[in-house]
Structure formats: C-alpha cells, structure tokens
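Student: Could we go through this structure together, setting each value against its definition before we draw a conclusion?

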Amino acid sequence: MKHIYRFCICIIFLLAFAESHLYAQNGGHQTGDLTPPVQLTASQDHARMMQLLKIDSIRIGADGNNPKAPNAANYDEAKANPYPKLPDALQLNNGQEIRSAQDWWKKRRPEIVEDFDREIIGRVPTNMPAVHLKIDSIYHQIIGNVDVITKKLKGHVDNSIYPFINVDIDVSLSTPANANGPVPVMMELIFKFPPGMKLPVQAGPTWQEQVVAKGWGFATYVPVSVQADNGAGLTQGIIGLVNRGQPRKLDDWGALRAWAWGASKVLDYFETDPAVDAKQVGIEGHSRYGKAALIAVAYDPRFAIGFISSSGEGGAKLHRRNCGEIVENLAGTGEYHWMAGNFIKYAGPLHWNDLPVDAHELIALCAPRPIFISSGSVGDAWVDARGMFLATVAAGPVYRLLGRRDLGTDVFPPIETSLLDGELAFRQHSGGHTPGPNWPYFLDFASRYIKTATSKNLR
Ligand code: GCU
C-alpha cells in the first residue's frame, strides 16, 4: 500500500515537473490540457484535405520546365481560353443585375467575398488574438542621399490560447528624418533568403531610394514570420496558433490570406505611429507575395494603393486561362497551402469553369482604389501577362460603376506600354520575373493619389 502511495506521489511530481518545464518554455503561459501541434508532411496534410473533400485524385499541373513533357505548360494563345465567359462581377448569384454603387457594396461585393473566403483563399477565424507591436531598435540610415529613421519592429501575437506556438511579425519601417509631418509609406512583402544568398542587384536606384526621394517612407514586412511557406507548416504559425495546433478545415485560411492578415496588422501599427500617414499606405508584393498583396488590398480597405507584381495564378491571372501556371499547380502539394482546402477540388473532379468567381473579381474588390498590375516578359511567361491583363479589363465595370476609370482598352498592349491613365493600371516591362523595372512607373502612377504634406499644400 505504502509503495503504491509513494509511486503515485512520484508520478504526480513528475507530471508537475513536466508541466512547469513546458510552462517555462512557453514564456510562462499555461498549456493546460493542450497538446503540441500535430505534425504532418505537406503530402500527408494534402491527402487529408483530399479525404475531407472525398476525392481520390486530382489532375496534374502544367510543367513549366520541360516543353516536351506531355503536360507542358501551354503558351499558345489559340488554346489559352477554354472558358472565355467569366462570372459577371455585376450580377448577383440569383441572376439580378447590379446597377448602383450601393447595391455593389451592400449586395454583390459580400457575395464575392464569401465565394473567395469559402472556395479559394479561406476564411480568417473570427476571434483573432491581439497583436502587440513593439520597437526593437531605432537608428539613422542614409538611403540614397536621404537621412532616414529606421525602426525594427516585432509584432507579438498573443498566444495565451495556445502557448506552444509563438508568432512574431517581422517589420522594418524607415521614414525621412527631416519630414515635417506624417509621411505616406510604401510597404513591400519581402522574401527572406538564406544567409549569403542575394538577388541580383539592379542598375539604378533601389525601390527604397526611389520612394524616399519622393519624401515618402518605406517598410518591409516578412510574411513567413506570420506563416511558413509550406504545407507542413499549416499546424504552426498564425494558422496553427488559432487552430491550437490542429490541421485545417476545408474553408480555413491558407498562407496567402494569413500573409495578407499580417500586412493589415502592420497597418494597425502604422495608425499609431506619428511618423506615418496611415491613410496613404501602399503595398507591393512580387510573385507569391504579389498574390498576397492583391488579397491584402482586396480585403483591407485601408490600403490606399497596390503594386501587384507578377502575381500570376492565384493572383491577378484568370483561373480560367490555360497559359503558364494553372489551377492544378496551385492545388498540388507544393502550393495548396497558399489556398483554402476547398480550392483543391477545382483540379478534379470540378474544373476551372466551376469556380464561382475569378481573378477579375479579386481585383474588383480593390475598387475604387488604384491598383497597378505588373508583369515581366522574358522569363516571366509562367505568370501569364495576358491573363492578368484580361482580368484587369474585366474588373473595369466595377470601377466604372463606382465612378472611376478602367484600363481604357481591351487590346493587349505591346511590352513596355504603360496603361496608367485610369485607377486600373497595367504594365508589362521587358525584364524578367521582377518588379524592379516597373517601380518608376508605379511611383508616377501612385503620385497622382499619394501626396506628402508639402505636395498636398501645392495642389
Ligand atoms: C512559383 C509558383 C508561382 C509563384 C512563384 C514565386 O513559380 O508557381 O505561383 O508566384 O513560384 O512566388 O516565385
């Protein structure tokens, strides 16, 4: 009896020790009866999603590397539009036409948002934890020949609901030191490369130098500090934290929506920083971050303008296009984590034409704010410049309904043609897969809308 008693006491001590150890590891939060995050590889998690969708297989994506492959990506325009009829951005799901701005805001826009939430990018959970942004360091820097004050910030997400996961949003903000008031800020979603690896340096001033030369500030935000860029990470990061380490439901948000959410949290902070004119914050993202930047502008009306670079499939390119990357690529194990689980079914048994909405409606969600759709050319065929152009054209009726100007043409322009006269803008530069060459054009376009205090006075 005595032995059993001692044994029980030992077990209780051991459990208490394990719990307090975890408690300490988790920054002093109780983990209670919570269990650590489920660990799945991307393939396992993808298979789990397919099971939830009750599908056994999906069609294979396009091969962008081998033109001889049976599934080689198509670049023949004659075969690129199997479903030319797009969902009508100005028609309610019950067929009724939208003729007034009020009906757009009240009736049609919420339908489009709901379709994107449920079927394409997933829903942000309703009870999101608070984020506390704090300044880690402040220092002066010379950018170009402008003296700027740089703040390194960390946005700590309250993880008391699930202390196993820690999320700290990584942001840097630089504003001209001699500004005489709050300044507009352009924020880029930046890639975090392994140490030692750098992108090729471009000739001419960097985008940051171009931005500060206008008297504006710039910010960089690291999306992977919010959510990892792979399927195995979906029970971690902000998605895992809110799901308490469990895998996603079919309409839960994917990484793109999570990255865009992070951008909005940064904007929350900007609203509290006297150096920033938070009503004039623009966002730029390239490639996968172009997709996320477009979603950020579409979903957060506080972003004043967007520069959406080479966003391609899942971004500004129509899903109903057979050119370069296609729905099936996005639905595969390497990219499905960007999307809601429900999106996978459009790669089989359903098809692109079954999608209730398409990319032109994601662009239309940005209306009436100015949006610049950008693409490269040589080496950037994968993103389907024409598919992004067509989506921008098809967003036109919504911009017009709200009293704004559309692209002004539906004829695909030659490379290096600026279509920048309306609030919908498009430009394909002659470079590769990069935003670089379009920065000066974007900034010219943005200058019509974004003004510093002094230039405001001069108007
Ligand atoms: C891949 C992917 C694209 C994506 C790109 C990137 O090419 O297929 O959808 O935009 O990576 O982010 O660099």
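Tutor: A polar side-chain atom of Arg288 lies 2.5 Å from an oxygen atom of the ligand. Please keep in mind that this is a predicted model, in which local features need pLDDT of at least 70 and side-chain atom pairs count only at pLDDT 80 or more, while totals for chains, interfaces and linings use all residues. Residues are numbered from 1 along each chain as its sequence is written, and side-chain values use heavy atoms, with hydrogens and water left out.

Student: What makes the approach of Arg288 to the ligand a polar contact?

Tutor: A polar contact is a pair of N or O atoms within 3.5 Å; the value for Arg288 is 2.5 Å, so the pair meets the definition. An N or O atom in the side chain of Lys291 is 2.8 Å from an oxygen atom of the ligand, and for a polar side-chain atom of Trp382 the distance is 3.0 Å. The protein covers 80% of the 320 Å² of accessible area that the ligand has on its own (areas by the Shrake-Rupley method with a 1.4 Å probe).

Student: Which residues are around the ligand?

Tutor: They are Ser287, Arg288, Lys291, Glu325, Glu335, Trp338, Trp382 and His433, where being near requires a heavy atom within 4 Å. This shell divides into two nonpolar, two polar and four charged residues.

Student: How do you know that the length of helix 7 agrees with what is expected?

Tutor: The expected span is 1.5 Å times one less than the number of residues, so the twelve residues of helix 7 (residues 288-299) should span 16 Å, and the end C-alpha atoms are 17 Å apart, which agrees. Helices here are DSSP runs of H or I with at least four residues, and strands are runs of E with at least two.

Student: Why is Phe389 called buried and Phe412 partly exposed?

Tutor: Buried means under 20% relative accessible area, exposed over 50%, and partly exposed in between. Phe389 has 0%, so Phe389 is buried, whereas Phe412 stands at 23% and therefore counts as partly exposed. By the same definition, eleven of the twelve residues of helix 7 are buried.

Student: What makes Phe389 and Phe412 an edge-to-face pair?

Tutor: Rings of Phe, Tyr and Trp (its six-membered ring) pair if their centres lie within 6.5 Å, and planes under 30 degrees apart count as stacked, over 60 as edge-to-face and the rest as tilted. Phe389 and Phe412 are 5.4 Å apart centre to centre, with 65° between the planes, so the pair is edge-to-face.

Notes. Buried < 20%, exposed > 50% of the residue type's maximum accessible area, 1.4 Å probe, protein only. Polar contact = N/O pair within 3.5 Å; in protein donor to acceptor, adjacent residues only side chain to side chain. Nonpolar A, V, L, I, M, F, W, Y, C, P; charged D, E, K, R; others polar.
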